[in-house]
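Subject: Structure handover

Hello,

Here is the structure I promised you. Please load it first, then read my notes below.

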Amino acid sequence: MVAPHAAVLDAAPEPVERTRHVVEIRGVSRRFGGKLALDNISLCVPAGVVLGLVGENGAGKTTLIRHVLGLLKAQTGSVRVFGHDPVLDPVRVLSQIGYLCEEPDLPGWMRVHEMLRYVAALYPTWDPAYAEQLRRDFALDSQMKVKHLSKGQRARAGLLAALAYRPDLLLLDEPSSGLDPIVRRDILGAIIRTIADQGRTVLFSSHLLSEVERVSDRIAMIKSGRVLFCDTLDGIRDRYCRVTLRLDEPRASPPPLPGALSWEGSGREWTGVFQSSLEEVRAEVALTNDQVVEEFPLNLDEIFVAHARASHPAEVNR
Amino acid sequence: MQLHLSNSNGVPIYLQIVNQVKYLVASGRLGEGDELPPIRVLAEKLLINPNTVARAYRELELEGVVEKRRTAGTYVSGAGSRLAKRERLRILTERIDALLAESRQMDIDLDDLVELVRRRDAAMRSPAVPAPSTRKG
């Protein structure tokens with residue numbers, strides 16, 4: 001839970017003129033010592049959209065999210081949330097963001113009802129009836145101290161605290177990590193209910209790619225601090241394909257076709273994952289004596305693994 | 001309305017919904033005039049983006065399987081049950097294509113395949129008679 005400065009008590013959210021994009025990140029780079037964590041990243045989240053952020057650990061997802069929260073100041077480029085700079089205008093921005101991360105930072109000594117009263121005081125748009133309904137749905141014991149809650153219950157408490165003031169932007173950083181399927185369903189359900197409410201927006205990062213596929217309108221993959229793609233699932237699927245080839249002559253190493261991320265096979269049968277459309281691959285194969293025998297679309301999980309293999313061929317277990 | 005979504009079969013979710021609703025209509029489990037769940041309700045039940053459900057409903061509407069009514073809500077259309085037979089044949093055609101592909105791979109010729117189909121049909125009609133073994137050399 002990121003509690004905005006107490007001054008938010010005086011600053012009820014003004015009706016923000018609806019810019020087309022809720023989050024606008026333009027040309028942001030970020031260095032931590034010698035490491036370039038974000039490399040000239042640009043990403044926009046339109047209002048009313050669920051954008052799923054995926055990428056390996058260390059790719060830059062959390063760093064990006066911290067920029068949106070105003071916890072990091074952009075070293076180059078600009079960050080605008082609801083049209084405002086979250087570093088310069090944290091109160092206005094944070095009062096409209098509901099944030100949940102892995103292991104939410106909740107005040108352990110407080111009882112659940114005390115924690116909710118505390119959060120309610122910080123957000124003028126807090127809806128007590130909705131909060132109570134969520135508390136019952138999540139079966140959170142209001143008398144229990146937060147530190148005595150199980151991991152799953154803590155996640156639910158964090159989720160409640162982030163939802164009850166109906167923020168215009170729900171920002172989730174790997175909220176489901178290490179949680180059982182029931183809690184994960186609660187989180188997914190929250191994302192869907194948020195988006196079903198007109199005009200609200202969700203930006204979430206996750207390793208659970210099947211879940212990302214189910215709920216996202218758009219998916220952005222971050223790799224080494226760069227955006228590999230940001231597109232609808234259909235659009236992403238069109239950029240990749242898996243093709244099995246029957247070669248004219250057997251080979252001990254993969255055929256030299258452009259656009260391949262990874263290969264498996266031997267002899268005359270080789271299967272490649274390509275960062276190209278099927279048409280492009282067919283066109284390249286047509287220039288050889290080899291043949292395409294089978295083709296498959298890829299799901300997000302397979303695209304992710306293919307990229308990982310491409311960068312760490314020795315490490316990734318075949 | 002019970003739908004089962006698979007994440008890993010390569011078929012987009014909206015299309016899975018479209019196909020399953022068509023199947024429910026074709027098999028009679030959804031009848032003319034039956035109402036489909038509201039988009040939001042189905043999205044929450046299946047834990048998918050409401051836009052995906054909306055897309056599936058739009059597709060079903062375009063194909064005439066369902067229709068929207070003035071009183072809000074989406075209903076199985078009369079045309080839906082007429083489409084049922086066409087849909088049933090389409091589903092069977094897919095199964096037949098798969099069967100033909102496999103029998104070719106196994107080097108079973110068409111006459112043998114048709115004979116096998118007849119025998120299985122006979123076996124199903126009279127369950128008291130044990131189905132003859134079809135082991136071939």
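The second largest cavity is a good place to begin. Its lining is made up of A:Leu100, A:Cys101, A:Glu102, A:Glu103, A:Pro104, A:Lys151, A:Arg154, A:Ala155, A:Pro175, A:Ser177 and A:Leu179. Keep in mind that this is a predicted model.

The volume of this second largest cavity is about 80 Å³. By class, six of its lining residues are nonpolar, four are charged and one is polar. Two elements of chain A, β5 (97-101) and α5 (151-163), each give at least two residues to that lining. The top contributor is α5(A), with three residues. In total, the structure has four cavities of 30 Å³ or more.

Now the largest pocket. Its volume comes to about 380 Å³. How many residues line the largest pocket, and which lie nearest its centre? There are 22 in the lining, and those nearest the centre are A:Ser216, A:Leu233, A:Asp234, B:Thr52 and B:Arg55. Both chains also supply helices here. From chain A, α7 (209-215) and α8 (233-239) each provide at least two lining residues. From chain B, α1 (13-26) and α3 (50-62) each do so too. The class count for the pocket lining is nine polar, seven charged and six nonpolar residues.

Next, a hairpin in chain A. Strand β1 (residues 21-32) and strand β2 (residues 35-46) run antiparallel, joined by eight bridges. Within this pairing, A:Ile25 sits opposite A:Leu43 of β2(A). Two residues lie between the strands of the hairpin. What is notable about the backbone of A:Gly33 there? A:Gly33 has a positive phi, near 60°.

Last, chain B as a whole. Five helices and three strands form its secondary structure. Read from the N terminus, the order in chain B is α-β-α-α-β-β-α-α. Chain B has 137 residues, and 31% of them count as buried. The exposed area of chain B is about 9,100 Å², with 53% of it from carbon and sulfur atoms. Take the contacts in chain B with a separation of 6 or more: 48% of them come from residues 24 or more positions apart.

If you want one view to start from, centre on A:Asp234 and B:Arg55, which are among the residues nearest the centre of the largest pocket. Then go to α5(A) for the second largest cavity, where α5(A) gives the most to the lining.

Best wishes

Technical notes:
Residues numbered from 1 in each chain as written. Chains lettered and ligands numbered in written order. Predicted model: local features only at pLDDT ≥ 70, side-chain atom pairs only at ≥ 80, totals over all residues. Heavy atoms only, no water. Pairing = 2+ DSSP bridges. Helix = DSSP H or I, 4+ residues; strand = E, 2+ residues; numbered from the N terminus. 1 Å grid on protein atoms, 1.4 Å probe; cavity = no way out; pocket = protein on both sides within 12 Å on 5 of 7 lines; lining within 4 Å. Points joined across faces, edges and corners; volume = space filled by probe spheres on them. Nonpolar A, V, L, I, M, F, W, Y, C, P; charged D, E, K, R; others polar. Buried < 20%, exposed > 50% of the residue type's maximum accessible area, 1.4 Å probe, protein only. Contact = heavy atoms within 4.5 Å. Areas by Shrake-Rupley, 256 points an atom, 1.4 Å probe, with all protein chains shown as cover.
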